[in-house]
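I have a structure open and a fresh notebook page. I'll jot down what I look up, one entry at a time.

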Amino acid sequence: MLTGWQLLLSKLFVIPQRWVMAIMGFLAVANAYTMRVCLNIAITQMVHRRTTAAALDDGTCPGDVEEVVADSKEVQGFDWDEETQGIILSAFYYGYIVTHLPGGMLAERFGGKYSLGFGVLSTAVFTLFTPWTVNMGGATGLIVLRVLEGLGEGTTFPALNAMLARWAPISERGRMGSLVFGGAQIGNIAGTYLSGLVMKETGDWQSVFYLFGVVGILWFILWALLCYNDPESHPFISDKEKKYLEEALGRHQTSQPSAIPWKAIFMSVPLWALVCAQIGHDYGYFTMVTDLPKYMTGVLKFDIHRTGTLAALPYAVMWISSMTFGWLCDKIVKRNWLTVTNARKTFTTIASVGPGICMILASYSGCDTYTVVILFTASMGLMGAFYPGMKVNALDLSSNYAGTIMAIVNGLGAITGIIAPFLVGLLTPDSTLVQWRLVFWITLAVFIVTNLVFVAWASGDEQWWNNTPQDSRKQQETEPTRSANAENKV
């Protein structure tokens with residue numbers, strides 16, 4: 001029963017606690033992504049750009065910015081070439097992939113609240129130290145700091161997946177997953193638009209890192225006060241909602257895992273199909289998130305405010321589309337129009353083939369800025385179908401080991417965060433249209449190949465290795481009761 005103050009708090013919340021958790025999880029992802037992507041915009045002002053003869057011969061666009069003359073002695077900013085910038089932008093993911101698995105295991109064992117909370121908090125603190133680190137240590141210092149930020153943020157998705165497994169009923173999983181994971185798009189919108197706006201108004205790239213670092217710390221305070229690992233430990237959840245979650249989760253209700261079945265997990269074909277889909281998604285996504293601002297400033301020649309505004313637009317559309325696709329997927333599954341497996345495959349295919357084609361068309365639209373922006377926006381909008389597709393598939397395969405599964409899948413997928421920015425830096429030394437077309441053709445190929453693997457071998461069914469010894473004992477204990485009830489009814 002609830003105590004007096006707990007009952008008062010439960011009355012103050014009009015929104016059910018599972019949706020409070022989902023909203024705060026959404027804000028966690030949003031904060032994590034603002035701190036991750038703000039450098040993508042800031043770096044366009046931290047370095048000076050140069051026009052080369054190759055760029056003029058191979059295709060360039062007239063625009064808002066004036067290029068720096070190569071031999072100018074009054075150049076402002078750091079002298080980092082495209083390859084160095086690629087290394088800086090990819091450094092985050094070296095740390096990011098390391099803490100995925102430990103973060104997932106800790107979330108399953110002790111709950112995701114503080115695994116997620118302290119991860120975001122540490123990233124916020126490192127973000128605040130970014131200007132000082134760059135001024136003192138240059139490119140090397142920034143690379144080290146970005147690796148540390150990645151270490152903190154690597155726990156985000158495994159911890160959230162572990163919490164969703166304890167809070168999200170099957171019938172609401174598509175919507176809750178789309179809401180939480182869709183925070184990435186709001187983070188991208190805020191990180192790109194506000195970074196461009198703040199730098200234009202202040203004329204200083206450092207203020208961007210102070211802004212998002214402080215916001216991240218404020219989020220942690222609210223998270224620590226409002227959210228809990230599961231309904232059972234929540235002090236002011238209503239009895240009605242707790243009962244609903246117990247009934248809705250049913251046999252999918254998670255239990256404390258005694259030992260992770262590593263062999264069964266790594267031998268699971270649907271798991272590796274999901275890994276392939278994640279690799280395809282992440283490669284295309286990181287190519288867009290990390291390098292779209294560079295495409296807009298380097299190829300289309302937008303100024304920083306226009307870059308921030310137009311680079312944010314595709315993510316706004318992706319957020320809206322992810323919620324729409326999530327609602328549509330839940331409706332399709334609930335009405336048995338498609339099985340869970342076929343629904344996951346269908347939406348993942350939409351999110352793979354569509355964006356790849358739009359990217360190619362954008363690269364062949366030349367300097368027609370309106371068409372290019374529309375196609376990039378359509379590409380990211382279609383990518384929103386990934387969330388009710390493969391992004392929630394880890395929950396289908398295993399609720400008891402959702403954190404570990406997400407850690408494996410997201411961790412392996414995040415390796416493309418290292419590869420994509422570095423490869424773009426190598427392939428686009430002069431930021432020409434011809435060089436960028438090759439980047440997008442490679443992205444389309446990755447999308448298609450990984451999606452074919454997912455369609456062939458993915459599953460939306462709970463896997464046999466999800467059952468823990470505790471689950472088996474509970475099932476054996478409840479069988480006699482079920483049999484007795486059945487006999488009484490007869």
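**Entry 1: aromatic pairs**

I searched the whole structure, which is a predicted model, and got 18 aromatic pairs. I started with Tyr-33 and Tyr-285, whose ring centres are 6.3 Å apart. The planes of these two rings sit at 70 degrees, so I wrote the pair down as edge-to-face; the cut-off for that label is over 60 degrees.

Then I looked up where the two partners live. Tyr-33 belongs to helix α2 (residues 17-46) and Tyr-285 to helix α14, so this pair ties together parts that are 252 residues apart in sequence. Are these two tyrosines buried or exposed? Tyr-33 is buried, at a relative accessible area of 6%. Tyr-285 has 1% relative accessibility and counts as buried too.

Next I took Phe-92 and Tyr-93. Their ring centres are 5.1 Å apart and their planes are at 80 degrees, so I have another edge-to-face pair. Phe-92 and Tyr-93 are both buried.

I also wondered which residues make up the aromatic cluster. My list reads Tyr-33, Phe-92, Tyr-93, Tyr-96, Phe-157, Tyr-285 and Phe-286, and they form one cluster.

**Entry 2: two helices packing**

Phe-157 from that cluster turned up again in helix α8, where it is one of the residues meeting helix α20. I looked up how the two helices sit together. Helix α8 (residues 156-167) packs against helix α20 (residues 402-413) at an angle of about 145 degrees, and their axes are 7 Å apart. I noted the crossing of α8 and α20 as right-handed.

Which residues do the touching? On the α8 side I found Phe-157, Pro-158, Asn-161, Ala-162 and Ala-165. On the α20 side I found Ala-402, Gly-403, Met-406, Ala-407 and Asn-410. Sorted by class, the contact between α8 and α20 has 7 nonpolar residues, 3 polar ones and no charged ones.

**Entry 3: Thr-287**

I went back to helix α14, which covers residues 269-298 and holds Thr-287. Thr-287 is at 1% relative accessibility, so I filed it as buried; the cut-off for buried is under 20%.

What does its side chain reach? I found the backbone oxygen of Tyr-283 at 2.7 Å from the side chain of Thr-287. I then set aside neighbours within four places in sequence and listed the contacts of Thr-287. They are Asp-282, Leu-292, Ala-420, Val-424, Val-439 and Thr-443.

**Entry 4: Asn-451**

Asn-451 is in helix α22 (residues 433-457). I have Asn-451 down as buried, with a relative accessible area of 5%. With neighbours within four places in sequence left out, Asn-451 is in contact with Thr-348, Thr-349 and Ser-352.

**Entry 5: a loop**

I wanted some residues on the outside, and I picked the loop between α15 (304-334) and α16 (340-363), where Asn-336 lies. Asn-336 is exposed, with a relative accessible area of 66%. Its phi caught my eye: the angle is near 60 degrees, a positive value in a residue other than glycine.

Trp-337 is in the loop between α15 and α16 as well. Is Trp-337 buried or exposed? Its relative accessible area is 52%, so Trp-337 is exposed, given that the cut-off for exposed is over 50%. Outside its neighbours within four places in sequence, Trp-337 is in contact with Lys-331 and Ile-332.

**Entry 6: Leu-218**

I found Leu-218 in helix α11 (residues 206-226). Leu-218 is exposed, at a relative accessible area of 51%. I also checked Leu-218 against Ala-124: they are 94 residues apart in sequence, but 9.6 Å apart in space from C-alpha to C-alpha.

**Entry 7: helix α9**

How many residues of helix α9 are buried? I counted 8 of the 9 residues in this helix (residues 173-181), so I called it mostly covered. The buried ones are Arg-173, Gly-174, Met-176, Gly-177, Ser-178, Leu-179, Val-180 and Phe-181.

**Entry 8: the whole chain**

Last, I zoomed out. The protein chain has 23 helices and 0 strands. I noted that 57% of its 490 residues count as buried. I also looked at contacts between residues at least 6 apart in sequence, and 86% of those join residues at least 24 apart.

How values were computed: Residues numbered from 1 in each chain as written. Heavy atoms only, no water. Helix = DSSP H or I, 4+ residues; strand = E, 2+ residues; numbered from the N terminus. Buried < 20%, exposed > 50% of the residue type's maximum accessible area, 1.4 Å probe, protein only. Polar contact = N/O pair within 3.5 Å; in protein donor to acceptor, adjacent residues only side chain to side chain. Contact = heavy atoms within 4.5 Å. Axes fitted to C-alpha atoms, helices over the stretch in contact; angles between N-to-C directions. Left-handed = near helix turned anticlockwise from the far one by under 90°. Nonpolar A, V, L, I, M, F, W, Y, C, P; charged D, E, K, R; others polar. Phe/Tyr/Trp six-rings, centres within 6.5 Å; stacked < 30°, edge-to-face > 60°.
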